[in-house]
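The following note goes through the structure point by point. Please keep the sequence and the model in view while reading.

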Amino acid sequence: MRRPLLAAGLAALCVAVGVPAHAWASTSGTAATPAVVNMEATVLAAQIDPRRADHTLTPGAKDSVLAVEQALEALNLLDPQWVDGYFGTTTVAAYAAYQSSLGYSGLAANGLPGATSLTKLGQSRFTVTNKIGPGAQVQRDGYVVDARAQAMLTAAERLLGYALTLEQGSYNPGGDPTSAGTHDGGGVVDISVTGMTAAKRTAVARALRKVGFAAWVRDPSQGDWPWHIHAAAINDTDLSSQAQHQIGDYYLGLNGLANRGPDDGPQVPIHTWEQYQRGQ
Ligand SMILES: [Zn+2]
């Protein structure tokens, strides 16, 4: 548990400078509720913040996350000390509890805000802008993907000028044990690199990153798998917990593997599918 340690550290710091340990918590707990929650920024923070080693906030997300946390606090699902604009593991767990309280289960209670639950949470508290969602489940190369990931793959193919072939799709719980649960939810695919040179594999990973995937070329030395490209769609609200963590690690410059090594993929500015579409 990363958060309690951080809280203890912060409390100790407050004591050290003569501020009561509860002061920062009660102040943030009574902050004015903004009228607007940016869903894109909120979902992004919910993927990155749990993976941070420190208390850095996700840029542009603080006011939105605070509003969500205040609403969770009002439902007695989140202790006031965690109402701080940081969507860490405690807030993810609180949001998952909120989703469960609505009768959701499985991926619909994965702790990542979805458009329906977030809008419901905001009733009489905030309005939700920049709504995002995975869309319907569709077939691609005989595998199931969601419509958002499908559109992203098509955009990557447009950048590359050739077609890509899937080797594993999404919504595939227990399908491939070497995938460690990352394909259990939406937004995650494996792409075949059969017949590709090293340069071409890198070009594919770069194109996938450009359109909003966290994508890596995986080689047999890293795990019990053949060469392939693993790609997880940033901000897909159907992501499994494991895939959420992988994307958080991608933002933090890591390789998305259990060893949390440095990112070994082509460096491109990180952005989401929606940002790509807006030319950001
Ligand atoms: Zn994979």
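**Notes on the predicted model**

1. Strand β7 offers a suitable starting place: Phe213, Ala215 and Val217 point one way from the strand, Ala214, Trp216 and Arg218 point the other way, and all are buried. In a regular strand, side chains alternate between the two faces of the sheet. Since six of the six residues of β7 (residues 213–218) are buried, the strand is largely enclosed by the rest of the structure.

2. The partner of β7 should be considered next. Strand β8 (residues 228–233) runs antiparallel to β7, and six bridges join the two. One of the pairings may be located by residue: Phe213 has Ala233 in β8 as its bridge partner.

3. A second antiparallel pair is formed by strand β3 (residues 137–140) and strand β4 (residues 143–146), with four bridges between them. Within this pair, Gln139 of the hairpin stands opposite Val144 in β4. Two residues lie between the strands of this hairpin, and Asp141 takes a positive phi near 50 degrees.

4. Among the helices, α3 (residues 39–48) is mostly covered, with ten of its ten residues buried. The buried residues of α3 include Met39, Glu40, Thr42, Gln47 and Ile48.

5. Is Val65 buried or exposed? This residue belongs to helix α4, which spans residues 62–74. A residue is buried when 20 or more other C-beta atoms lie within 10 Å of its own. Val65 has 27 C-beta neighbours inside 10 Å and therefore counts as buried.

6. The surroundings of Val65 can be named. Leaving aside residues up to four places away in sequence, Val65 touches Thr42, Ala45, Gly85, Tyr86 and Phe87. Thr42 and Ala45 are themselves buried residues of α3. Val43 is 22 residues from Val65 along the chain, and the C-alpha atoms of these two residues are separated by 9.0 Å.

7. For the chain as a whole, the model has ten helices and eight strands. Buried residues account for 44% of the 280 residues. Of the contacts between residues at least 6 apart in sequence, 58% join residues at least 24 apart.

8. A remark on confidence is required, as this is a predicted model. The average pLDDT of the chain is 89, and 88% of the residues score at least 70. Over residues 1–29, however, the pLDDT is below 50, although this stretch has 24 contacts in the model beyond near neighbours in sequence. Where pLDDT is low, the predicted coordinates should not be read in detail.

Methods:
Residues are numbered from 1 along each chain as its sequence is written. This is a predicted model: local features need pLDDT of at least 70, side-chain atom pairs count only at pLDDT 80 or more; totals for chains, interfaces and linings use all residues. A residue is buried if 20 or more other C-beta atoms lie within 10 Å of its own, exposed if 12 or fewer, and partly exposed in between; C-beta atoms are placed from the backbone. Two residues are in contact if their C-beta atoms, placed from the backbone, lie within 7 Å. Two strands pair if DSSP finds at least two bridges between them. pLDDT is the predictor's confidence in each residue, from 0 to 100.
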